[in-house]
Amino acid sequence: MRERGTARVALTAPTPADPGTVRAVVGDRLRRARREVLLCCPGGDPTAAALAELVPAELPRTEPAPRTRIVRQHPARFHLPAQRQARAAARAGAEVRTTGESYGPLLVIDRESAFLAERGRPDGLVLVTQPSVVGHLADSFETLWHRGAAFHSGPAAARAVSDELRTVILRLLADGLKDETIARRLGLSLRNCRRHIAGLYSTLGADSRFQAGVLAERHGLTGNATAAAGEPRQTSRDVAQNNDPARLLFDH
């Protein structure tokens with residue numbers, strides 16, 4: 001069904017008799033891509049996982065191939081299935097970066113069409129063809145892309161993204177978000193998210209999420225523009241020089 005430049009399609013087959021629904025709709029547009037393919041793939045999202053498998057398999061094998069760029073979240077660097085997907089994408093010619101930002105599944109093809117997750121349907125996608133909307137979605141992808149870092153795994157990769165991941169967790173704590181929401185936004189399992197939060201509590205000397213948020217804001221560790229009221233914002237280097245316990249948040 002099409003209405004004002006949008007259409008609904010099923011991400012997974014509604015019945016066993018129709019297993020190719022998503023490949024028939026998304027795959028057809030991918031095979032006709034000529035200039036670029038943009039994919040946002042947040043962790044822990046079944047829609048994103050399906051798209052991450054589909055895009056490398058359906059990219060056109062033409063010359064010149066469309067430039068393909070994929071943004072994932074930092075925890076994907078340490079998740080074996082995500083690592084396999086990133087390697088498969090690289091073999092297909094895609095560039096992959098990770099970011100600490102939160103976002104939803106998004107696939108943009110030639111800046112002419114885009115697929116979004118359909119709210120309320122974990123197996124649903126919405127196809128958007130309205131040029132202004134597709135353009136805005138592509139611009140949002142560009143913002144994430146330019147904030148991202150090249151995808152790598154291993155100890156060096158952990159050091160490269162650990163500061164940003166901690167900063168994002170602290171910022172979300174300061175905003176009062178629940179553990180479940182933080183985990184979902186960052187693509188972390190709830191168990192790992194709570195382990196990170198417990199470590200931050202310990203390092204900051206906090207007894208509650210509210211106190212942790214206040215301390216993090218006071219030391220300028222949340223990345224917000226201002227620190228606690230009446231206090232100048234500190235950098236992580238300033239905190240370290242002051243022998244503050246919070247400096248451990250940024251030690252490797």
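These legends accompany several close-up views of a predicted model.

**View 1. The whole chain, with its confidence from end to end.**
Welcome to the full predicted model, which is built from nine helices and nine strands. Of the 252 residues of the protein, 45% count as buried. Among contacts with a separation of 6 or more, 69% join residues that are 24 or more positions apart. The mean pLDDT of the protein is 76, and 73% of the residues reach 70 or more. Strand E6 (residues 106-109) has the highest mean pLDDT of the elements, at 96, while helix H9 (residues 236-241) has the lowest, at 38.

**View 2. Two stretches to read with care.**
Please keep the confidence values in mind when you look at these two segments. Over residues 10-19, pLDDT stays under 50, and the model has 17 contacts beyond four places in sequence for this stretch. Residues 225-252 also stay under 50, here with 47 contacts beyond four places in sequence.

**View 3. Helix H3 and its buried side.**
Helix H3 covers residues 80-91, and its 12 residues reach 17 Å from the first C-alpha to the last, close to the 16 Å expected at 1.5 Å a residue. Which residues of H3 are buried? They are Ala82, Gln83, Gln85, Ala86 and Ala89. These residues cover an arc of only 160 degrees around the axis, which puts them on the same side of H3. Their packing partners are helix H2 (46-58), strand E4 (67-73) and strand E5 (95-99). On the face turned away from the buried side, look for the exposed residues Leu80 and Arg91. Just after H3 comes glycine 93, with a positive phi of about 95 degrees.

**View 4. An aromatic pair in helix H4, with an arginine over one ring.**
The count for the model comes to one aromatic pair. The ring centres of phenylalanine 141 and tryptophan 145 are 6.0 Å apart and the ring planes are at 20 degrees, so the pair is stacked. Both residues belong to helix H4 (residues 131-147), where being four residues apart separates them by about one helical turn. An α-helix has 3.6 residues a turn, so residues three or four places apart point the same way. Are phenylalanine 141 and tryptophan 145 buried or exposed? Phenylalanine 141 is buried, and so is tryptophan 145. Do not miss arginine 69, which lies over the face of tryptophan 145 at 5.3 Å from the ring centre.

**View 5. Helix H6 and the residues that line one face.**
Helix H6 spans residues 179-186, and its buried residues are Asp179, Ile182, Ala183 and Leu186. Seen down the axis of H6, the buried residues fall within an arc of 100 degrees, so they line one face of the helix. Glycine 187 follows just after H6 and takes a positive phi of about 70 degrees.

**View 6. Leucine 165 and its partners from elsewhere in the chain.**
Leucine 165 sits in helix H5 (residues 155-174). With a relative accessible area of 9%, leucine 165 is buried. Leaving aside neighbours within four places in sequence, leucine 165 is in contact with Leu186 and His196. Leu186 will be familiar as one of the buried residues of H6. The C-alpha atoms of leucine 165 and histidine 74 are separated by 7.3 Å, although these residues are 91 residues apart along the chain.

**View 7. Positive phi values in the loop between E6 and E7.**
Here you can follow the chain from E6 into the loop that leads to strand E7 (113-117), where aspartate 110 has its place. Phi of aspartate 110 is near 55 degrees, a positive value in a residue other than glycine. Arginine 111 is found in the loop between E6 and E7 too, and its phi is also positive, at about 55 degrees, although arginine 111 is not a glycine. Aspartate 110 counts as buried at 5% relative accessibility, whereas arginine 111 is partly exposed, with a relative accessible area of 35%.

**View 8. Proline 60 in the loop between H2 and E4.**
Proline 60 lies in the loop between H2 and E4, and counts as buried at 10% relative accessibility. What is proline 60 in contact with, leaving aside its neighbours within four places in sequence? The contacts are Leu30, Arg31, Ala33, Arg34 and Pro66. The C-alpha atoms of proline 60 and alanine 33 are separated by 6.9 Å, with the two residues 27 residues apart along the chain.

Notes: Residues numbered from 1 in each chain as written. Predicted model: local features only at pLDDT ≥ 70, side-chain atom pairs only at ≥ 80, totals over all residues. Heavy atoms only, no water. pLDDT = per-residue confidence, 0-100. Helix = DSSP H or I, 4+ residues; strand = E, 2+ residues; numbered from the N terminus. Contact = heavy atoms within 4.5 Å. Expected span 1.5 Å × (residues − 1). Buried < 20%, exposed > 50% of the residue type's maximum accessible area, 1.4 Å probe, protein only. Arc of directions from axis to C-beta. Phe/Tyr/Trp six-rings, centres within 6.5 Å; stacked < 30°, edge-to-face > 60°. Lys NZ or Arg CZ within 6 Å of the ring centre and 35° of its normal.
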